Amino acid sequence: MSELVPGGNVPLPGGAVAVRVPGPFDVSALITDDGGKVGGDGDFVFYNQPAAPGARLHGDTLTVDPARLRPGATRVTVVISPADPGTALGGLPAPTLHVTGAGGRPLARFAPPRPRQETVLLLAELYRRGGGWKLRALGQGYADGLAGLARDFGVDITEEAPSDPGLAVDTREGAPSDPDGFAGLVNAARASAGAPPVALDVRLTSAAREHALAMAARNRLDGEGLYRRVSATGYAYVTVGEHLVSGPRSPAGFVEYCLGSGRSRRTLLDPAFTHAGLACAPARSGDVYWTAVWARPFTAVELARTATRVVELTNRERAGAGLAPLAVDPVLTTAAQAHSADMVARAFYSHTCPDGSRPWDRAAAAGSRRRSIGENIACGQRSPAEVVRGWMNSPGHRANILKRDFTHIGVGFAGGGEAGTYWTQLFGA
């Protein structure tokens with residue numbers, strides 16, 4: 001039996017396999033093609049729809065027979081969420097994946113890094129490689145709940161639209177109200193600048209409230225702890241920003257103040273942000289302290305878009321040096337993503353993992369057979385442009401990007417941890 005780490009994979013024998021996750025979890029599966037999209041709503045297997053061609057869910061066990069999947073299906077992503085929707089995964093026992101073959105023969109086991117505030121975990125995927133199938137361990141937390149995850153995979157999830165089309169408001173249960181019209185004021189300004197509207201998010205509002213109260217208690221502006229506060233609410237992000245202000249007496253005054261400052265205005269109007277949270281707290285001195293948190297959630301679509309942009313910018317630098325572009329390698333991508341997620345989960349920043357594994361070890365564990373491996377990592381940068389610019393300004397990282405021998409690349413990204421963002425480029429030849 002194989003003990004898997006994030007990004008590790010194992011070949012599967014022919015015939016059906018059983019994937020079991022014991023404990024207080026709901027197991028789900030998404031059946032997709034090479035493009036990562038379902039063929040229809042019937043490709044989402046969960047407690048209310050427990051069967052699809054080649055896949056059946058019974059209790060805590062999902063049985064998959066790859067030969068019987070619908071035509072065009074090349075991947076089955078296994079997902080878990082708390083059986084109690086109001087519970088975060090971090091409040092439950094650590095999940096463990098058990099995979100068995102014919103006759104109950106153990107094939108693989110995977111215990112991912114313990115989740116924290118996430119409500120959904122992409123645990124593993126079964127995928128076609130050549131004429132056979134393999135299992136890859138993932139262990140990636142997800143921000144937007146099971147419905148958001150299904151939507152990003154192409155499942156049609158219908159929600160009631162907001163009554164006012166000019167005001168984007170989060171429709172999830174528990175979403176914050178907007179009695180002072182903050183979202184309306186912000187979205188009017190964003191619309192005039194050609195930026196999309198933001199939706200109020202209960203988790204970001206909670207993070208903003210915690211910080212505003214802390215500043216009021218200390219009677220001073222303090223920018224520490226943004227990433228910790230947002231991550232603690234269960235909101236996983238690809239980018240995040242913050243406004244800290246003292247003085248205004250209303251949301252309208254806060255917005256007016258932010259629009260009057262160049263840097264603050266750029267943040268408020270930044271088209272990268274899709275969610276926001278605002279809170280204020282009075283201090284004994286009479287000052288009012290405000291915190292606004294802006295973010296874009298971590299989703300499969302956003303992760304792919306971020307990685308694609310890093311590759312584009314990297315290849316632009318290579319083209320400027322007269323070098324051939326790097327091709328995206330899915331195996332290197334898996335290893336790079338696992339390393340970024342691992343740096344967040346285990347709170348380290350290094351090419352060497354706490355277990356001693358190095359970049360070439362992680363690439364091999366993910367299934368790479370490339371003869372030469374190189375790695376760039378970075379933390380704290382808030383965009384693909386910023387991280388590639390930083391690498392190009394560092395001689396060692398620049399040398400990897402412009403190495404003539406490298407032919408392929410994989411990119412990983414994770415938000416959270418002390419630095420806020422963790423980036424990995426894995427090169428291969």
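These legends describe close-up views of a predicted model.

Local features are given at pLDDT of at least 70 and side-chain atom pairs at pLDDT 80 or more, while totals for chains, interfaces and linings use all residues. Residues are numbered from 1 along each chain as its sequence is written, and side-chain values use heavy atoms, with hydrogens and water left out.

**View 1. Helix H7 packs against helix H10.**
H7 covers residues 300-320 and H10 covers residues 384-392. Helices (H or I, at least four residues) and strands (E, at least two) are DSSP runs, numbered from the N terminus. The two helices meet at an angle of about 40°, and their axes lie 9 Å apart. Axes are lines fitted to C-alpha atoms, for helices over the stretch in contact; angles run from 0 to 180 degrees between N-to-C directions. The crossing of H7 past H10 is right-handed (the near helix is turned clockwise from the far one by less than a right angle). H7 contributes Thr 306, Arg 309, Val 310, Leu 313, Thr 314 and Glu 317 to the contact. H10 contributes Pro 384, Ala 385, Val 387, Val 388, Trp 391 and Met 392. Contact means heavy atoms within 4.5 Å. By class, eight of these residues are nonpolar, two polar and two charged. Ala, Val, Leu, Ile, Met, Phe, Trp, Tyr, Cys and Pro count as nonpolar; Asp, Glu, Lys and Arg count as charged; the others, Gly among them, count as polar.

**View 2. Gln 425 sits in strand E21.**
E21 spans residues 420-428. Gln 425 is buried, at 0% relative accessibility. Buried means under 20% relative accessible area, exposed over 50%, and partly exposed in between (1.4 Å probe, protein chains only). The side chains of Gln 425 and Thr 314 share a polar contact of 2.8 Å. Such a contact is a pair of N or O atoms within 3.5 Å; within protein, one must be able to donate a hydrogen and the other to accept it, and residues adjacent in sequence count only if both atoms are side-chain atoms. Leaving out residues up to four places away in sequence, Gln 425 touches ten residues' worth of surroundings that include Val 310, Thr 314 and Trp 391. Other residues touched by Gln 425 include Glu 375, Asn 376 and Ile 409.

**View 3. Seven strands form an open sheet with mixed pairing.**
The strand order is E1-E11-E10-E3-E8-E7-E6. Strand E1 (2-4) and strand E6 (51-52) stand at the edges. Each has a single partner strand, so one side of each is left without a neighbour in the sheet. Two strands pair if DSSP finds at least two bridges between them. E1 and E11 pair in the parallel sense over three bridges. Glu 3 stands opposite Arg 109 in E11.

**View 4. Strand E10 pairs with E3 and with E11.**
E10 holds residues 97-100. Leu 97 and Val 99 make up its covered face, His 98 and Thr 100 its uncovered one. Strand E3 (residues 17-20) joins E10 in the antiparallel sense over three bridges. Val 99 is the bridge partner of Val 19. Strand E11 (residues 106-110) is also antiparallel to E10, over four bridges. There, Val 99 stands opposite Ala 108. E10 and E11 form a hairpin with five residues between them. In the turn, Gly 103 has a positive phi of about 70°.

**View 5. Leu 107 lies in strand E11.**
Leu 107 is buried, at 10% relative accessibility. Beyond residues up to four places away in sequence, Leu 107 touches Met 1, Ser 2, Leu 12, Pro 13, Val 17, Val 99, Thr 100 and Gly 101. Leu 107 and Val 19 are 88 residues apart in sequence and 10.0 Å apart in space, C-alpha to C-alpha.

**View 6. Four strands form an open sheet with mixed pairing.**
Their order is E14-E16-E17-E15. Strand E14 (199-200) and strand E15 (237-246) stand at the edges. Strand E16 (residues 275-282) and strand E17 (residues 288-297) pair in the antiparallel sense over eight bridges. His 275 has Ala 295 of E17 as its bridge partner.

**View 7. Ala 300 is placed in helix H7.**
Ala 300 is partly exposed, with a relative accessible area of 31%. Not counting residues up to four places away in sequence, Ala 300 touches Tyr 142, Asp 152 and Phe 153. Ala 300 and Gly 36 are 264 residues apart in sequence, yet 9.1 Å apart in space, C-alpha to C-alpha.

**View 8. Asn 219 has a positive phi, and so does Ala 347 in a loop view of its own.**
Asn 219 is not a glycine, but its phi is about 55°. Asn 219 is found in the loop between helix H3 (202-218) and helix H4 (226-232). Asn 219 is partly exposed, at 35% relative accessibility. Ala 347, also not a glycine, has a phi of about 55°. The loop of Ala 347 runs between helix H8 (330-345) and helix H9 (359-365). Ala 347 is exposed, at 68%.
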